[in-house]
Amino acid sequence: MPLETGLLEILACPACHSSLEEQDNELICTGQECGLAYPVRDGIPVLLVDEARHPA
């Protein structure tokens, strides 16, 4: 389920403050050294560092 238009423009990674990209059911941090993947559950981004998946 895609996020509401314009939402990605105002959201940022809580860890490094870089912008986020939507991929499947996650928001991926675009920061070079961060890259955390935050889940989107029922159309709601869960922007908690403890809930994020670390890059592989």
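Q: Is Cys-34 buried or exposed?
A: This is a predicted model. Buried means under 20% relative accessible area. Cys-34 has 16% relative accessibility, so Cys-34 counts as buried.

Q: How many disulfides does the count come to?
A: A disulfide needs a pair of cysteine sulfur atoms within 2.5 Å. For Cys-13, the nearest cysteine sulfur is that of Cys-29, 3.7 Å away. For Cys-34, the nearest is that of Cys-13, at 3.8 Å. Cys-13 and Cys-34 are in no disulfide, and the count comes to zero.

Q: At 1% relative accessibility, what does Cys-13 count as?
A: The cut-off for buried is under 20% relative accessible area. Cys-13 has 1%, so Cys-13 counts as buried.

Q: Which residue meets Arg-53 in a salt bridge?
A: The closest contact is 2.8 Å, N to O. A salt bridge requires such atoms within 4 Å. Arg-53 lies in the segment after β4 (44–45), and its partner is in strand β2 (residues 26–29), so the pair ties together parts 27 residues apart in sequence. The partner is Glu-26.

Q: Where does Arg-41 lie, the residue that Glu-51 is paired with?
A: Glu-51 and Arg-41 form a salt bridge, with the closest N and O atoms 2.9 Å apart. The pair links distant parts of the chain, 10 residues apart. Glu-51 is in the segment after β4, while Arg-41 is in strand β3 (residues 37–41).

Q: What does Glu-51 count as at 37% relative accessibility?
A: Buried is under 20% and exposed over 50%. Glu-51, at 37%, falls in between, so Glu-51 counts as partly exposed.

Key:
Residues are numbered from 1 along each chain as its sequence is written. This is a predicted model: local features need pLDDT of at least 70, side-chain atom pairs count only at pLDDT 80 or more; totals for chains, interfaces and linings use all residues. Side-chain values use heavy atoms; hydrogens and water are left out. A salt bridge is a side-chain nitrogen of Lys or Arg within 4 Å of a carboxyl oxygen of Asp or Glu. Helices (H or I, at least four residues) and strands (E, at least two) are DSSP runs, numbered from the N terminus. Buried means under 20% relative accessible area, exposed over 50%, partly exposed in between (1.4 Å probe, protein chains only).
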